[in-house]
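This report considers charged side-chain pairs and the packing of two helices. Please examine the sequence and structure shown below before reading on.

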Amino acid sequence: MKDEKEPSNRYFQDALSDFVYDAASGRAIRHLADTGYTTAQIVHQLDYPTPFAKVQHTVTRHLKETGILLESLPVPPASLQAVTLQRDSPEKLYILLSERIRQNGEAYSYISCPFGVRGTESGGNPAVMHLLSVLTAREAAYIQGIAWEPAVMYHRLNRRMLEIGVQLAVHTNDICFYFLKSLEAFL
């Protein structure tokens, strides 16, 4: 009899734990993420001790729920006109992309993020280490603070991701930019 109650007790305990966590930390985590804190910075700001992985999960879920992070683009890739990027000058690339963001709106501008495919959780992965090495410590911390799916994901091209994207695009061909109103894919 005791064994039958065990799963329901565990379910109740997990639900209660999630509720307490959300009440104690969830809102604060979402607010700090919205104000630009990285996951590591959020962990240090919390009064209630919370493991990095739990904060990372909350931040990632929040980014998905707000449309900042997408698992797939809302338009079929075949409907996008491919444009080849000149990746030699960060300054020119920044100006070009900023203009496209202005024309399309930030909510319709995305960058491809292959970090989960390459495995950001495995800190020793040479491909990931190379990508992160071209970023500032804060930019790299932002990327490492997201629980990336093991597939290419898409992050809204806000100011932070524009700066990160320009640096990455100059050093690799794996980064693409998508502008959904003008139906352009900068490859």
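In this predicted model, Glu99 and Arg102 both belong to helix H4 (residues 90-104), and because they are 3 residues apart, about one helical turn separates them. Their side chains form a salt bridge in which the closest N and O atoms are 2.5 Å apart. The two partners differ in exposure: Glu99 is partly exposed, because its relative accessibility of 30% lies between the limits of 20% and 50%, whereas Arg102, with a relative accessible area of 61%, is exposed.

Beyond this pair, salt bridges that share partners link Lys64, Glu71 and Glu149 into one network. Within that network, Lys64 pairs with Glu71, and the closest N and O atoms are 3.0 Å apart. Lys64 is partly exposed, at 29% relative accessibility.

Helix H3 (residues 52-65) holds a further pair, Glu65 and Arg61, which lie 4 residues apart, about one turn of the helix. Their side chains meet in a salt bridge with an N to O distance of 3.6 Å. Here Glu65 is the exposed partner, because its relative accessibility of 57% is over the 50% limit. Arg61, at 32% relative accessibility, counts as partly exposed. The count of salt bridges in the model comes to 5, and three of them are listed here with their N to O distances.

| Salt bridge | N to O distance |
|---|---|
| Glu99 and Arg102 | 2.5 Å |
| Lys64 and Glu71 | 3.0 Å |
| Glu65 and Arg61 | 3.6 Å |

The second topic is helix packing. Two packed helices are described by the angle between their axes and by the distance between those axes. How are helix H7 and helix H8 oriented where their axes cross? The axes of helix H7 (residues 137-144) and helix H8 (residues 159-171) come within 11 Å and cross at roughly 105 degrees. H7 is therefore roughly perpendicular to H8, because this class covers angles of 65 to 115 degrees.

Which residues make the contact between H7 and H8? On the H7 side they are Arg138, Glu139, Tyr142 and Ile143, and these meet Arg160, Met161, Glu163 and Ile164 of H8. By residue class, the contact of H7 with H8 comprises 4 nonpolar and 4 charged residues, with no polar ones.

Conventions: Residues are numbered from 1 along each chain as its sequence is written. This is a predicted model: local features need pLDDT of at least 70, side-chain atom pairs count only at pLDDT 80 or more; totals for chains, interfaces and linings use all residues. Side-chain values use heavy atoms; hydrogens and water are left out. A salt bridge is a side-chain nitrogen of Lys or Arg within 4 Å of a carboxyl oxygen of Asp or Glu. Helices (H or I, at least four residues) and strands (E, at least two) are DSSP runs, numbered from the N terminus. Buried means under 20% relative accessible area, exposed over 50%, partly exposed in between (1.4 Å probe, protein chains only). Axes are lines fitted to C-alpha atoms, for helices over the stretch in contact, and angles run from 0 to 180 degrees between N-to-C directions. Angles under 35 degrees count as roughly parallel, over 145 as roughly antiparallel, 65 to 115 as roughly perpendicular and the rest as oblique. Contact means heavy atoms within 4.5 Å. Ala, Val, Leu, Ile, Met, Phe, Trp, Tyr, Cys and Pro count as nonpolar, Asp, Glu, Lys and Arg as charged, and the others, Gly among them, as polar.
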